[in-house]
Amino acid sequence: MSWFLGLGIVGLVLLVLSLVFDGVLEGLLDGFGGGLDGFLSLPVIAGFVSALGFTGAIVLGTTGTGAGVATGAGVAAGGVAGWVTWRFSRALLRDGAAPAPQGEDLTGTSGTVVTPIPVAGYGEVLLYLAGQPVKYAAKAEAPVTRGTEVWVEAVLTSTSVAVRPVQR
């Protein structure tokens with residue numbers, strides 16, 4: 001039974017190491033189809049080994065059958081644990097989160113002038129990018145006063161936009 005408990009503890013230690021070093025140890029398994037989405041990734045191996053060990057110890061201690069039956073039950077439980085870990089990690093890696101907002105996403109949005117825009121210069125506008133207020137330098141064809149609602153016509157640089165007053 002001590003062998004099975006040792007395997008279970010080794011599996012837990014491998015899992016902790018894979019979480020603490022976050023991919024550093026993954027390079028050891030890259031040649032065998034490992035990596036983050038491979039079936040031989042460190043979390044999958046850790047899940048297999050710990051499930052094999054603890055299930056084997058439970059079967060051996062509670063049923064009184066031999067080590068062969070305990071090993072078979074442990075391998076079956078380890079296979080299930082490894083497969084579930086692999087599927088779960090693949091689902092997490094495929095997370096379809098929206099891409100990070102870009103400055104080009106501002107074209108066609110509205111904002112408010114916070115610093116007046118002169119004829120031949122820049123003022124400032126408050127725009128909302130992905131729901132967050134962001135202040136941009138703004139240029140317009142005509143002077144625009146503070147508090148005027150404006151429409152973004154173009155993104156000039158990563159910190160400036162061309163705007164025009166909203167016509168109501």
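Q: Let's start with strand pairing. Which residue in β2 is the bridge partner of V113?
A: V113 is matched with V125 in β2. Keep in mind that this is a predicted model. The pair belongs to the join between β1 (residues 110–115) and β2 (residues 123–129), two strands that run antiparallel and are held by 3 bridges.

Q: And what does β1 do with β4?
A: β1 also pairs with β4 (residues 149–155), again in the antiparallel sense and over 3 bridges. If you want a spot to click on, S110 stands opposite W151 in β4.

Q: W151 again, then: which residue in β5 does W151 stand opposite?
A: That would be R164. The pairing of β4 with β5 (residues 160–165) is antiparallel and counts 5 bridges. To get from β4 to β5, follow the hairpin, which has 4 residues as its link.

Q: How do I read the two faces of a strand?
A: The general idea is that side chains in a regular strand alternate between the two faces of the sheet. Now try β2: G123, V125, L127 and L129 make up its covered face, while E124, L126 and Y128 lie on the uncovered one.

Q: L127 is on the covered face, but what stands opposite L127 in β3?
A: V134 does. β2 and β3 are antiparallel partners over 7 bridges. Their hairpin has 2 residues between the strands, and A130 there takes a positive phi near 55°.

Q: So how are the strands ordered overall, and what do they form?
A: They form a closed barrel of 5 strands, in the order β1-β2-β3-β5-β4, with mixed pairing. From one strand to the next, the twist averages 55°.

Q: Let's look at a loop residue. Where is P143, and is P143 buried or exposed?
A: P143 sits in the loop between β3 (132–139) and β4. P143 counts as exposed because its relative accessible area is 56%, and the cut-off for that label is over 50%.

Q: Which residues does P143 touch, leaving aside those up to four places away in sequence?
A: I117, P118 and V119. Take I117: P143 is 26 residues from I117 in sequence, yet their C-alpha atoms are 5.4 Å apart in space.

Q: On to helices. How do I read which side of a helix is buried?
A: Start from the turn: an α-helix has 3.6 residues a turn, so residues three or four places apart point the same way. In α3, the buried residues are A70, G74, G78, G82, W86 and S89. Those buried residues pack against α1 (2–21) and α2 (42–63).

Q: How many residues does α3 have, and what span does α3 reach?
A: α3 (residues 67–93) has 27 residues. From first C-alpha to last, α3 reaches 38 Å, close to the 39 Å expected at 1.5 Å a residue.

Q: And how do I describe two helices that pack together?
A: You give the angle between their axes and the distance between the axes. For α2 and α3, the axes come within 7 Å and cross at roughly 150°. That crossing is right-handed. As for what lines the contact of α2 with α3, its residues divide into 15 nonpolar, 8 polar and no charged.

Terms used: Residues are numbered from 1 along each chain as its sequence is written. This is a predicted model: local features need pLDDT of at least 70, side-chain atom pairs count only at pLDDT 80 or more; totals for chains, interfaces and linings use all residues. Side-chain values use heavy atoms; hydrogens and water are left out. The expected span of a helix is 1.5 Å times one less than its number of residues. Buried means under 20% relative accessible area, exposed over 50%, partly exposed in between (1.4 Å probe, protein chains only). Contact means heavy atoms within 4.5 Å. Two strands pair if DSSP finds at least two bridges between them. Axes are lines fitted to C-alpha atoms, for helices over the stretch in contact, and angles run from 0 to 180 degrees between N-to-C directions. A crossing is left-handed if the near helix is turned anticlockwise from the far one by less than a right angle, and right-handed if clockwise. Ala, Val, Leu, Ile, Met, Phe, Trp, Tyr, Cys and Pro count as nonpolar, Asp, Glu, Lys and Arg as charged, and the others, Gly among them, as polar.
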